[in-house]
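User: I would like to learn how to read burial, helix geometry and backbone angles from a model. Could you take me through some features one by one?

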Amino acid sequence: KKHYKLCIVGGGAAGISNGSKFGRKLGKGNVCIVEPSEVHYYQPMWTLVGGGVKSFTQSGKAMADVMPLTVDWIKAGAEEFSPDNNLVRCSDGTEITYDYLIVAMGLSLQYEKIKGLPEAFQYDGVGSNFSAKYVEKTFRAIQNFKGGNAIFTFPNTPIKCAGAPQKIMYLADDFWTRNNVRDKANISYNTALPVVFGVKKYAEILAKLCERRNLKINYRHNLVEVIPDKKEAVFEHLDTGEKITFPYDMIHITPPMGPPELLKKSPLADAVGWVDVDKQTLQHVRYPNVFSTGDCSSLPTSKTAAAVAAQCGILYNNLSAIMDSQEPQKKYDGYTSCPLVTRKGKCILAEFDYDLQPLETFPVDQGKERRTMWHLKANVMPELYWTGLLKGRWSGPGFYRKAMRLGMGK
Ligand code: FAD
Ligand code: UQ1
């Protein structure tokens with residue numbers, strides 16, 4: 001049994017960032033992070049790993065090296081939340097009691113919800129950028145593709161980085177164009193959604209881009225089965241219920257995603273299973289000493305590391321206020337961002353809020369494909385992540401955006 005002033009569950013983007021901030025504030029011995037993994041991944045790089053632009057090894061660091069020196073690392077998984085007793089039970093038997101709790105355990109990938117998965121990943125031509133296990137298979141599939149049908153999927157659930165399923169299609173299209181395979185390829189984007197992207201401004205631009213580049217978008221097509229020995233993928237049309245079989249030569253799969261099982265059965269969950277927090281303050285709606293941020297939270301915005309950065313600034317202020325017996329003051333506007341890589345060397349930097357209105361940082365039209373934004377995504381962001389966000393020194397671009405607007409506008 002151990003007691004901490006603050007217990008953080010999860011040592012991903014959100015957990016480590018919060019650990020750095022609160023470790024500095026509260027001092028050694030007062031903050032712990034519960035995290036079972038040996039490796040911490042910078043997942044946004046996986047788009048570029050699957051696209052053959054970066055190597056997988058560049059995307060990870062030893063967890064021990066990113067764990068803040070001011071926190072105690074409990075190297076175990078959380079197994080039970082008992083918020084009425086301010087208690088977290090861990091897989092190694094440790095019981096942690098706390099004054100305050102931050103839940104930041106990410107979301108779970110549900111490959112098994114698609115018939116034939118994950119077994120189909122044993123076959124060539126099947127990849128998925130969302131998992132450390134399968135991301136390298138994506139680029140192998142792209143390299144080995146010599147023509148035929150290439151399919152990229154988007155599932156019927158909310159996912160992290162909602163742009164990633166199409167970014168890899170753009171990189172593959174670009175790779176095949178450069179390698180004289182493109183004229184032998186039929187490329188399709190089979191998405192469960194009725195739109196190519198949730199924000200109107202970017203959706204219009206991307207739909208035109210797909211048309212120009214002959215990338216066929218099949219809306220409301222939800223992947224339900226992969227039959228790898230026949231190289232067939234079965235989709236359900238979500239409006240008609242019709243089952244449609246597509247032969248493929250390569251397929252990139254974005255799995256359904258949802259809250260971790262552990263959360264679903266805990267008193268912290270909302271009706272779906274996410275940690276039930278106030279969308280502005282990030283404070284739990286029933287347990288005032290509990291906060292959540294990142295992919296496992298109920299915050300109704302697009303789940304990204306960029307959103308985590310903005311949320312961590314708000315969370316730090318509001319939890320600090322609670323610790324001082326004051327009311328939380330800061331309000332999160334839903335800021336999130338998705339660098340939509342459109343080919344090697346080009347990127348549209350989408351940034352938006354809860355109302356799906358653009359909230360762009362730079363004083364240029366970010367709806368245009370730009371080389372500067374590619375540079376930002378490929379070369380600046382990894383550094384900003386490792387040395388800014390994880391060290392608790394990056395709370396998103398809000399301050400800079402306002403500075404560049406000279407105090408006018410949002
Ligand atoms: P994670 O970083 O996933 O961390 C969750 C942590 O919790 C993990 O370390 C896990 O081991 C731990 N955990 C799980 N279960 C338990 C348990 N029971 N007990 C204790 N710990 C547990 N975001 C962007 O901003 N820009 C991008 O361009 C971008 N591109 C992406 C591309 C891809 C292919 C992917 C997969 C993601 C991308 N993202 C991007 C999204 C971004 O990576 C996530 O939104 C971000 O990592 C969320 O942080 P998190 O801390 O909530 O979850
Ligand atoms: C961001 O803050 C962030 O987290 C560190 C990302 O994840 C890698 C992003 O992709 C983006 C775009 C941002 C936002 C940052 C700027 C400078 C617009």
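User: In helix H4 (residues 135–144), which residues are buried?

Analyst: A residue is called buried when its relative accessible area is under 20%. In this predicted model, the buried residues of H4 are Val135, Lys137, Thr138, Phe139, Ala141 and Ile142. They pack against helix H2 (46–50), E10, helix H5 (164–178) and strand E17 (250–252).

User: H5 is one of those partners; how many of its 15 residues are buried?

Analyst: Twelve of the 15 are buried, and H5 is accordingly described as mostly covered. The buried set consists of Ala164, Pro165, Gln166, Lys167, Ile168, Met169, Tyr170, Leu171, Ala172, Asp173, Asp174 and Trp176, a list in which charged residues such as Lys167 and Asp173 appear beside Ile168 and Leu171.

User: What span is expected for H5 at 1.5 Å a residue?

Analyst: The expected span is found by multiplying 1.5 Å by one less than the number of residues. For H5, with 15 residues, the expectation is 21 Å, and the distance from its first C-alpha to its last is close to this, at 21 Å. Just after H5, Asn180 takes a positive phi of about 60 degrees.

User: How does helix H1 (residues 13–26) fare in the comparison of expected span and end-to-end distance?

Analyst: The 14 residues of H1 should span 20 Å at 1.5 Å a residue, and because the end C-alpha atoms are 20 Å apart, the two values agree. Twelve of these 14 residues are buried, so H1 is largely enclosed by the rest of the structure. Among the buried residues are Ala13, Ala14, Gly15, Ile16, Phe22 and Leu26. Just after H1, Gly27 has a positive phi of about 85 degrees.

User: Which residues is Asn18 in contact with, leaving aside its neighbours within four places in sequence?

Analyst: Contact here means heavy atoms within 4.5 Å. Asn18, placed in helix H1, is in contact with Ile8, Gly23, Ile102, Thr293, Cys312 and Leu315 once those neighbours are set aside. Asn18 has 0% relative accessibility and therefore counts as buried.

User: Is Met63 buried or exposed?

Analyst: Met63, found in helix H3 (residues 63–66), is buried, with a relative accessible area of 1%. Not counting residues up to four places away in sequence, Met63 touches Gly11, Ile16, Glu35, Ser37, Glu38, Val39, His40 and Trp73. Separation along the chain and separation in space can be read side by side: the C-alpha atoms of Met63 and Arg213 are 150 residues apart along the chain and 41 Å apart in space, while those of Thr387 and Val66, 321 residues apart along the chain, are separated by 9.6 Å. Thr387 lies in helix H9 (residues 371–389) and is partly exposed, with a relative accessible area of 44%.

User: Why would a positive phi or a cis peptide bond be worth noting?

Analyst: Most residues other than glycine have a negative phi, and most peptide bonds are trans, so departures from either pattern are worth noting. Leu282 is not a glycine, yet it has a positive phi of about 75 degrees; it lies in the loop between helix H7 (261–264) and strand E19 (290–292) and is buried, with a relative accessible area of 0%. Ser325 likewise has a positive phi, near 60 degrees, in the loop between helix H8 (305–323) and strand E20 (336–343), but Ser325 is exposed, with a relative accessible area of 70%. As for the peptide bond, the one from Leu117 to Pro118 is cis, with omega near 5 degrees, and Pro118 is placed in the loop between strand E9 (108–109) and strand E10 (126–127).

User: What radius of gyration would a compact globule with 410 residues have?

Analyst: The rule gives a value near 22 Å, and the protein chain has 21 Å, which agrees. Its C-alpha atoms fill a box of roughly 65 × 50 × 40 Å along the principal axes. The chain contains ten helices and 21 strands, and buried residues make up 58% of its 410 residues. Of the contacts between residues at least 6 apart in sequence, 65% join residues at least 24 apart.

How values were computed. Residues are numbered from 1 along each chain as its sequence is written. Chains are lettered from A and ligands numbered from 1 in the order in which they are written. This is a predicted model: local features need pLDDT of at least 70, side-chain atom pairs count only at pLDDT 80 or more; totals for chains, interfaces and linings use all residues. Side-chain values use heavy atoms; hydrogens and water are left out. Helices (H or I, at least four residues) and strands (E, at least two) are DSSP runs, numbered from the N terminus. Buried means under 20% relative accessible area, exposed over 50%, partly exposed in between (1.4 Å probe, protein chains only). The radius of gyration is taken over C-alpha atoms; the globule rule is 2.2 Å times the number of residues to the power 0.38.
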